[in-house]
Amino acid sequence: AIASSGDDAALARIESYQEAFSWLRRPDILSIAAVQGHAIGAGFQLALSCDLRVVADDAKFCMAEVSLGLVPDLGGIKPLQALVGPARALELCVTGRRVGADEADRIGLANLVVPAGDLDGAVADLAAAVLAGARDAVVEIKALVAGAATRDHDAQLRAEREAQQAG
């Protein structure tokens, strides 16, 4: 493992990899992953770094790091847990079990599953729909949705009022 030595340079290298994935979660952009074939380890975490995932019907997801004696370290655990819940996220991470497109759709990993030949068009359609909305509203909605998990109902209502007034 890169960080097994505890070397500060190794930890900095992992941090740089994390930053490369994390920019997709910036609050001012909405990112869409197009997933076809195998998204294993870093590929799975890259898809999880995006806000939305359009998945070909041949897609397979796998958090394979455990089979190498490693932990997922590219920021995929938090979004995985948010999408599928803590018990399923734990199971997927500690077993390295492969998840097909149908299951990904059923458990909330995929926003949309399409035939592989339709993937590019489906991603383009989703991107066009996102871009059709007012940019400031889309950015604010992303922030409201992201914060909703940590706010109680009254705080969420207040955040929505304040966002509406600011817009």
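**Exercise 1. Arg-88 and its accessibility**

Does Arg-88 count as buried, partly exposed or exposed, and at what relative accessibility?

*Solution.* The model is predicted, so that local features need pLDDT of at least 70 and side-chain atom pairs count only at pLDDT 80 or more, whereas totals for chains, interfaces and linings use all residues. Residues are numbered from 1 along each chain as its sequence is written, and side-chain values use heavy atoms, with hydrogens and water left out. The classes are set by relative accessible area, buried being under 20%, exposed over 50% and partly exposed in between, with a 1.4 Å probe and protein chains only. Because the relative accessibility of Arg-88 is 33%, Arg-88 counts as partly exposed.

**Exercise 2. The salt bridges around Glu-103**

Describe the surroundings of Glu-103, and work out which residues its salt bridges join into one network.

*Solution.* Begin with the position: Glu-103 belongs to helix H5, residues 101-107, where helices (H or I, at least four residues) and strands (E, at least two) are DSSP runs numbered from the N terminus. Glu-103 is buried, since its relative accessible area is 15%.

Next, list the contacts, a contact being heavy atoms within 4.5 Å. When neighbours within four places in sequence are left aside, Glu-103 is in contact with Arg-88 and Arg-97.

Then test these pairs for salt bridges, each of which requires a side-chain nitrogen of Lys or Arg within 4 Å of a carboxyl oxygen of Asp or Glu. As background, side chains of opposite charge can pair when their charged atoms come close. Glu-103 forms a salt bridge with Arg-88, for which the closest N and O atoms are 3.9 Å apart. This pair links distant parts of the chain, with Glu-103 in helix H5 and Arg-88 in helix H4 (residues 86-95), 15 residues apart. Arg-97 is also joined to Glu-91 by a salt bridge of 2.6 Å, N to O; Arg-97 is partly exposed at a relative accessible area of 30%, and Glu-91 is partly exposed at 25%.

Finally, Glu-103 forms a salt bridge with Arg-97, the closest N and O atoms being 3.0 Å apart. Through shared partners, the salt bridges join Arg-88, Glu-91, Arg-97 and Glu-103 into one network. The whole structure holds 5 salt bridges.

**Exercise 3. The packing of H7 and H8**

Determine how helices H7 and H8 are oriented to each other, and which residues meet between them.

*Solution.* Take the geometry as the starting point: helix H7 (residues 135-148) packs with helix H8 (residues 153-166) at an angle of about 170°, and their axes are 10 Å apart. Axes are lines fitted to C-alpha atoms, for helices over the stretch in contact, and angles run from 0 to 180 degrees between N-to-C directions. Angles under 35 degrees count as roughly parallel, over 145 as roughly antiparallel, 65 to 115 as roughly perpendicular and the rest as oblique. H7 and H8 are therefore roughly antiparallel to each other.

On the H7 side the contact involves Glu-140, Leu-144, Gly-147 and Ala-148, which meet Gln-156, Ala-159, Glu-160 and Ala-163 of H8. These residues divide into 4 nonpolar, 2 polar and 2 charged, where Ala, Val, Leu, Ile, Met, Phe, Trp, Tyr, Cys and Pro count as nonpolar, Asp, Glu, Lys and Arg as charged, and the others, Gly among them, as polar.

**Exercise 4. Two buried residues**

Compare where Ala-122 and Ser-31 lie, and name the residues that each touches.

*Solution.* Ala-122 lies in helix H6, residues 119-132, and is buried with a relative accessible area of 12%. Not counting residues up to four places away in sequence, Ala-122 touches Val-54, Leu-112 and Val-114.

Ser-31, by contrast, is placed in the loop between helix H1 (8-22) and strand S1 (32-35), and counts as buried at 6% relative accessibility. With neighbours within four places left aside, Ser-31 is in contact with Leu-24, Ser-49, Cys-50, Asp-51 and Leu-52.

**Exercise 5. The whole chain**

State how many helices and strands the protein chain has, and what share of its residues is buried.

*Solution.* The secondary structure comes to 8 helices and 6 strands. Of the 167 residues of the protein chain, 34% count as buried.
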